Amino acid sequence: MSRLPRRGGLGGRLSRAARLGALSARTATGWLAGAAIEGIGRSAAAERLRRGTAAKAAERLGRLKGFAMKLGQVLSFALDEVPVELREAFAALQTSAPPRPFAELAPAIERALRRPVNDAFARLDPVPIAAASIGQVHRGLLHDGTEVAVKVQYPDVAAAVRADLRNVALVVRSIRLLAPRVDAERVAGELRERILDELDYAAEARHQTSFAARFEGHPFISVPPVVPSHSAAEVLTSRYVDGLRFQDALRCPEEARSRQGEILFRFAYGCIFGWGTFDADPHPGNYLFDRQGSCVTFVDFGCVKKLPAPVLREWRAFVRALLDADRAGSRKHALSLGFVDAGPERRVDPVLDALRKLYLPFGGDGRQRFPSLWSGVSLADVFGERFADARRSLRVPKDLVFASRTLAGLSMVLSRLGAIADWGRIAREYVSGAPPSTPLGAAERAW
């Protein structure tokens with residue numbers, strides 16, 4: 001007789017496959033019903049049905065955790081390929097998810113640290129402060145008085161992820177049902193690489209330690225140090241840092257939100273174009289803000305990527321050419337990087353227009369609110385008929401898939417913050433070595 005999954009667990013391969021398949025089918029059915037209602041003129045009723053369907057899909061993906069929840073997170077960053085109601089519902093998976101009972105996690109902590117919880121910690125709050133696709137975070141206190149954040153991997157998540165990866169054909173079919181216009185095979189491949197990275201807490205500890213050393217003493221960027229004595233393969237303990245979550249930061253005054261946005265922009269551009277090593281999972285749940293906008297703390301380094309030096313040099317030159325409106329230079333570097341195959345200008349130019357919109361959605365130099373391209377506007381509306389031409393010709397080089405996703409996620413966050421800055425001049429500091437253009441830039445250069 002086969003053993004049933006324990007209550008509260010993530011379930012076995014067949015159970016998870018059945019639930020993911022049923023969820024996708026129900027979501028697609030709800031979408032078709034909404035389209036039918038809208039077709040007879042009841043648009044308000046159609047929207048209510050679509051939003052209800054999207055909310056249920058997000059809730060069920062959140063409970064499935066692992067690969068399925070990460071699918072929802074990735075789809076929340078998509079653009080016109082995913083209906084806006086689904087994007088908005090799945091965006092909640094970036095900052096919150098249903099937690100697991102602490103009683104299920106305590107034995108895993110004890111096995112990983114090879115000692116009872118009470119021996120390892122003077123206090124460990126059973127109520128998590130954050131929950132995500134792979135694990136959840138609890139606030140604790142060491143016996144020496146150090147406040148810590150303890151990230152614990154769900155005990156059965158690795159097996160569940162392996163089961164999902166064996167069901168990758170079902171995952172591809174589910175993506176096609178949830179978002180028919182998405183390149184399902186590419187998304188599934190990206191998900192596979194990202195989630196396998198995130199399962200390795202030992203690698204994450206090394207990444208976080210590297211970032212903490214890189215930004216030690218930085219005037220406005222903070223990365224909590226890892227506590228090695230209380231970290232293991234499935235447990236990662238860091239110094240605890242208090243701060244506002246993204247939803248709370250949205251209620252800060254505009255001046256503070258603009259500084260917060262500038263810090264996020266500088267962190268991403270400095271890591272990608274300056275250091276060549278970057279956090280490839282830039283969702284709002286990974287940031288902690290202060291109310292004045294004077295510092296941002298970055299957490300969660302489960303998916304870190306490093307660009308090969310030749311690719312970094314060429315991509316930096318490409319973005320510099322885009323900033324300078326250098327059409328010939330943009331075309332040269334786009335061809336060299338592999339964004340488009342060699343061919344007539346009429347086939348290359350739509351790709352260049354698309355890449356400029358995607359990488360530099362802000363219009364040139366000058367202070368401006370970060371545009372809302374990434375928060376609901378269809379790319380087809382932005383590019384018009386030329387978008388179809390760009391889609392046919394655009395290639396995303398293997399080395400730049402995660403870097404492109406990182407900038408896409410950054411753009412979505414900045415537009416939601418409503419941050420105002422001279423984005424073009426700040427970008428030039430990192431891709432061209434231009435002098436600092438703001439007080440934050442001057443403080444960083446002095447550091």
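Two strands are taken to pair if DSSP finds at least two bridges between them. In this predicted model, that criterion leads to a group of antiparallel strands, which is described before the aromatic pairs, the nonpolar cores and a buried helix.

**Strands β1 to β4 and β6**

Strands β3 and β4 form a hairpin with five residues between them, and Gly145 in the turn has a positive phi of about 95°. The two strands run antiparallel and are joined by seven bridges, with Gly135 standing opposite Gln153 in β4. Strand β3 also takes part in a hairpin with β2, the connection passing through three residues; here Ala131 stands opposite Gln136 in β3. For Leu124, the bridge partner in β3 is Gly140. On the far side of this description, strand β4 is joined to β6, again in the antiparallel sense, and Val152 has Val235 as its bridge partner in β6.

The pairings can be set side by side as follows.

| Strands | Bridges and sense |
|---|---|
| β1 (residues 123-124) and β3 | two bridges, antiparallel |
| β2 (residues 130-131) and β3 | two bridges, antiparallel |
| β3 and β4 | seven bridges, antiparallel |
| β4 (residues 147-153) and β6 | five bridges, antiparallel |

Two of these strands can also be described by their burial. Five of the seven residues of β3 (residues 135-141) are buried, so this strand is largely enclosed by the rest of the structure. Strand β6 (residues 235-239) is likewise largely enclosed, because four of its five residues are buried. A charged residue of β4's stretch of sequence also deserves a mention: Lys151 lies over the face of Tyr201, at 5.1 Å from the ring centre.

**Aromatic pairs**

A pair of aromatic rings is described by the distance of the centres and the angle of the planes. The structure holds 20 aromatic pairs. One of them is formed by Phe267 and Phe298, which are stacked with 3.7 Å centre to centre and 15° between the planes. This pair links distant parts of the chain, since Phe267 belongs to helix α12 (residues 254-275) and Phe298 to strand β9 (residues 296-298), 31 residues apart. Phe267 has a relative accessible area of 7% and is therefore buried, and Phe298 is buried with a relative accessible area of 3%. The pair of Phe362 and Phe370 is instead edge-to-face, at 6.0 Å centre to centre and with 65° between the planes; both Phe362 and Phe370 are buried.

Ring pairs also link residues into a cluster, among them Phe211, Phe246, Phe267, Trp275, Tyr287, Phe298 and Trp447.

**Nonpolar cores**

In soluble globular proteins, nonpolar side chains tend to be buried together. The largest nonpolar core here has 65 residues, and those with the most contacts inside it are Leu264, Phe265, Tyr269, Phe298, Trp315 and Phe318. Helix α12 supplies the largest share of this core, 10 residues. When residues up to four places away in sequence are not counted, Phe298 touches, among others, Ile221, Val223, Pro224, Ile263, Leu264, Phe267 and Tyr287. A second, separate core of 30 residues includes Ile109, Ala120, Val148 and Val157.

Phe318 appears again in the surroundings of His333, a residue of helix α14 (residues 327-337). Leaving aside neighbours within four places in sequence, His333 is in contact with Glu314, Ala317, Phe318 and Ala321. The relative accessible area of His333 is 13%, under the 20% limit, so this residue counts as buried.

**Helix α18**

How does the expected span of helix α18 agree with the distance between its end C-alpha atoms? At 1.5 Å a residue, the 17 residues of this helix (residues 401-417) should span 24 Å, and the end C-alpha atoms are 25 Å apart, which agrees. Of these 17 residues, 15 are buried, so α18 is largely enclosed by the rest of the structure. Ala408 lies in this helix and counts as buried, at 9% relative accessibility. The C-alpha atoms of Ala408 and Tyr359 are separated by 7.7 Å, although the two residues are 49 residues apart along the chain. After the helix comes Gly418, whose phi is positive, near 65°.

Terms used:
Residues are numbered from 1 along each chain as its sequence is written. This is a predicted model: local features need pLDDT of at least 70, side-chain atom pairs count only at pLDDT 80 or more; totals for chains, interfaces and linings use all residues. Side-chain values use heavy atoms; hydrogens and water are left out. Rings of Phe, Tyr and Trp (its six-membered ring) pair if their centres lie within 6.5 Å; planes under 30 degrees apart count as stacked, over 60 as edge-to-face and the rest as tilted. Buried means under 20% relative accessible area, exposed over 50%, partly exposed in between (1.4 Å probe, protein chains only). A charge sits over a ring if NZ of Lys or CZ of Arg is within 6 Å of the ring centre and within 35 degrees of the ring normal. The expected span of a helix is 1.5 Å times one less than its number of residues. A nonpolar core is a set of buried Ala, Val, Leu, Ile, Met, Phe, Trp, Tyr and Cys residues joined through side-chain atoms within 4.5 Å. Contact means heavy atoms within 4.5 Å.
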